Amino acid sequence: MKIALNILVALLVLQSCSDDDNMIRPACGVDNPAKELSWLRTEIDNREANITEDTKYCYITQGEYKGQTVFVYWDCNPLIDKNIPVLNCDGNMLSGTLENPISLNDLENQIIIWKPAVFVCEPMF
C-alpha cells in the first residue's frame with residue numbers, strides 16, 4: 001500500500017510539473033500569458049537564449065496574490081539566497097518590504113509556466 005501511494009504521489013508531482021499548453025491558464029486578458037504578454041515572452045526568450053549552469057535552478061510560475069494574477073521568477077539554487085521577484089500582469093514588481101516580504105504562503109494556485117530542459121528544482125508548492 002505504501003509503495004502504491006508513493007507511486008501515485010510521484011505521478012501527481014510529475015504531472016503537475018508539465019509545461020504543455022494544457023497547464024496554461026488564461027490571465028491578464030490573454031489566453032496564454034507566457035506567449036502573449038510581451039514582457040514575459042521576452043523574459044522567457046532571454047532565458048532560453050542564454051542557458052548557463054545556473055539555468056537548471058530557475059523556473060517561472062503563474063499564480064495569485066491577493067486575488068490578482070502574478071508571475072514569480074523562482075531560483076532553487078541551494079548555494080544562493082536572493083529575493084524572488086513577484087510581478088503583476090504589466091510586468092511590474094510587486095513590493096513586499098524587508099519587514100513584510102511576499103512569502104510562499106501568500107501565493108496561491110501556482111503552476112509552472114516555464115522551466116529549462118534540464119531542470120533540478122522540486123517546486124515548493
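# Aromatic rings and cysteines in a predicted model

Trp74 is buried, since its relative accessible area is 8%, and in this predicted model Trp74 offers a convenient place to begin. Tyr59 and Phe119 form an aromatic pair of the edge-to-face kind, with 5.4 Å from centre to centre and 80 degrees between the planes. Because Tyr59 belongs to strand β1 while Phe119 belongs to the segment after β4, this pair ties together parts of the chain that are 60 residues apart in sequence. Both of these residues, Tyr59 and Phe119, are buried, and for Tyr59 the relative accessibility is 2%, which is why Tyr59 counts as buried.

The structure holds three aromatic pairs in total. One of them joins Tyr59 with Trp74 in a stacked arrangement, where the centres are 6.3 Å apart and the planes are at 15 degrees to each other. Here Tyr59 lies in strand β1, which covers residues 58–65, and Trp74 lies in strand β2, so the pair ties together parts that are 15 residues apart in sequence. Taken together, ring pairs link Tyr59, Trp74 and Phe119 into a cluster.

Another ring takes part in a contact with a charge: the charged end of Arg47 sits over the ring of Tyr73, at 4.8 Å from the centre of that ring.

From the rings the reader can turn to the cysteines, for the structure also holds two disulfides. In one of them, Cys28 and Cys89 are bonded, with 1.8 Å between their sulfur atoms. This pair links distant parts of the chain, since Cys28 is found in the loop between α1 (2–16) and α2 (33–36), whereas Cys89 is found in the loop between β3 (86–87) and β4 (107–114), and the two are 61 residues apart. The torsion about the S-S bond of Cys28 and Cys89 is about -70 degrees, and therefore the disulfide is left-handed. Cys28 counts as partly exposed because its relative accessibility is 27%, and Cys89 likewise counts as partly exposed, at 24% relative accessibility.

The other disulfide is formed by Cys76 and Cys121, whose sulfur atoms are 2.0 Å apart. This pair, too, links distant parts of the chain, with Cys76 in the loop between β2 (68–75) and β3, Cys121 in the segment after β4, and their positions 45 residues apart in the sequence. About the S-S bond of Cys76 and Cys121 the torsion is about -85 degrees, so this disulfide is left-handed. Cys76 counts as partly exposed because its relative accessibility is 29%, while Cys121 counts as buried because its relative accessibility is 8%. When bonded cysteines are counted along the chain, the disulfides of the protein chain follow the pattern 1-3, 2-4.

There remains the question of Cys58: why does its sulfur not bond to the closest cysteine sulfur, in Cys121? The sulfur of Cys58 is 7.1 Å from that of Cys121, which is too far for a bond, given that a disulfide is a pair of cysteine sulfur atoms within 2.5 Å. Cys58 itself counts as buried because its relative accessibility is 13%.

Key. Residues numbered from 1 in each chain as written. Predicted model: local features only at pLDDT ≥ 70, side-chain atom pairs only at ≥ 80, totals over all residues. Heavy atoms only, no water. Helix = DSSP H or I, 4+ residues; strand = E, 2+ residues; numbered from the N terminus. Buried < 20%, exposed > 50% of the residue type's maximum accessible area, 1.4 Å probe, protein only. Phe/Tyr/Trp six-rings, centres within 6.5 Å; stacked < 30°, edge-to-face > 60°. Lys NZ or Arg CZ within 6 Å of the ring centre and 35° of its normal.
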